[in-house]
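Open the model in your viewer and keep the sequence panel visible. The stops below go one selection at a time.

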Amino acid sequence: SAAAASDARRAAVRAYVLPLLCGMVSTSSSTRAKLWASNGLDIFLQLLGTEEPQMQVGLMRTLDIWLAEDHNRVESRLCQREAVAQLVEVYGRLGRNAATARSPVLPQMLDSLKAMLGR
């Protein structure tokens with residue numbers, strides 16, 4: 001059907017675009033400043049709640065990299081109530097999902113969170 005084809009195209013584009021966006025965080029302070037000005041951090045947080053578990057791992061690693069590179073600003077945003085609620089929801093959903101709980105995704109996500117909390 002047309003809807004299924006559209007969903008498949010959308011998934012293919014997301015699978016291509018999301019790693020590019022995540023990689024932009026590692027490029028330069030100028031790129032991070034542009035991402036910040038475009039609400040990139042909030043977009044990553046929103047995507048974290050909507051993506052497949054393996055994509056969530058990449059998003060958490062991206063947040064960790066951004067936190068390491070721009071600690072004060074990113075920490076300030078991640079400590080806000082909405083961001084904390086989003087992270088708690090993502091981890092709660094992962095923990096409740098039996099398939100995810102048995103996969104390497106949950107330990108990888110927890111490793112990223114542990115790294116972030118240690119910064």
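## Stop 1: helix 3 against helix 4

Select helix 3 (residues 40-48) and helix 4 (residues 53-69): they pack at an angle of about 150 degrees, with axes 9 Å apart. Helices (H or I, at least four residues) and strands (E, at least two) are DSSP runs, numbered from the N terminus. Axes are lines fitted to C-alpha atoms, for helices over the stretch in contact, and angles run from 0 to 180 degrees between N-to-C directions.

This is a predicted model, in which local features need pLDDT of at least 70 and side-chain atom pairs count only at pLDDT 80 or more, while totals for chains, interfaces and linings use all residues. Residues are numbered from 1 along each chain as its sequence is written, and side-chain values use heavy atoms, with hydrogens and water left out.

Helix 3 and helix 4 are therefore roughly antiparallel to each other. Angles under 35 degrees count as roughly parallel, over 145 as roughly antiparallel, 65 to 115 as roughly perpendicular and the rest as oblique. The crossing of helix 3 and helix 4 is left-handed, a term used if the near helix is turned anticlockwise from the far one by less than a right angle (right-handed if clockwise).

Now show side chains. On the helix 3 side, select Gly 40, Leu 41, Phe 44, Leu 45, Leu 47 and Leu 48; these meet Gln 56, Leu 59, Met 60, Thr 62, Leu 63 and Trp 66 of helix 4. Contact means heavy atoms within 4.5 Å. The residues of this contact of helix 3 with helix 4 divide into 9 nonpolar, 3 polar and no charged. Here Ala, Val, Leu, Ile, Met, Phe, Trp, Tyr, Cys and Pro count as nonpolar, Asp, Glu, Lys and Arg as charged, and the others, Gly among them, as polar.

## Stop 2: the loop before helix 3

Step back to Asn 39, in the loop between helix 2 (29-37) and helix 3. Its phi is near 60 degrees, a positive value in a residue other than glycine. Asn 39 is partly exposed at 46% relative accessibility; buried means under 20% relative accessible area, exposed over 50%, and partly exposed in between (1.4 Å probe, protein chains only).

## Stop 3: helix 4 against helix 8

Keep helix 4 and add helix 8 (residues 105-117). The axes of helix 4 and helix 8 come within 9 Å and cross at roughly 10 degrees. That makes helix 4 roughly parallel to helix 8. The residues of the contact of helix 4 with helix 8 divide into 10 nonpolar, 4 polar and 2 charged.

Is Met 60 buried or exposed? Met 60, in helix 4, is buried, with a relative accessible area of 0%. Not counting residues up to four places away in sequence, Met 60 touches Leu 48, Leu 87, Tyr 91, Met 109, Ser 112, Leu 113 and Met 116.

Go next to Ser 112, in helix 8. Ser 112 is buried, with a relative accessible area of 6%. Leaving aside neighbours within four places in sequence, Ser 112 is in contact with Met 60, Arg 61 and Asp 64.

## Stop 4: helix 6

Select Gln 86 in helix 6. Gln 86 counts as partly exposed, at 27% relative accessibility. With residues up to four places away in sequence not counted, Gln 86 touches Leu 45 and Gln 46. Gln 86 and Gln 46 are 40 residues apart in sequence, and their C-alpha atoms are 7.8 Å apart in space.

In the same view, select Arg 93 and Glu 89, whose side chains meet in a salt bridge (3.6 Å, N to O). A salt bridge is a side-chain nitrogen of Lys or Arg within 4 Å of a carboxyl oxygen of Asp or Glu. Arg 93 and Glu 89 are 4 residues apart in helix 6 (residues 81-96), so about one helical turn separates them. Arg 93 is partly exposed at 33% relative accessibility, and Glu 89 is partly exposed at 38%.

## Stop 5: further salt bridges

How many salt bridges are there by this rule? The count comes to 8.

Select Arg 77 and Glu 82, whose side chains meet in a salt bridge (3.4 Å, N to O). Arg 77 is buried, with a relative accessible area of 12%, whereas Glu 82 is partly exposed at 47%. Add Asp 42 to the selection: Asp 42, Arg 77 and Glu 82 are linked in a network of salt bridges.

Finish at Asp 70, which forms a salt bridge with Arg 73, the closest N and O atoms being 2.9 Å apart. Asp 70 is buried at 18% relative accessible area, and Arg 73 is partly exposed at 33%.
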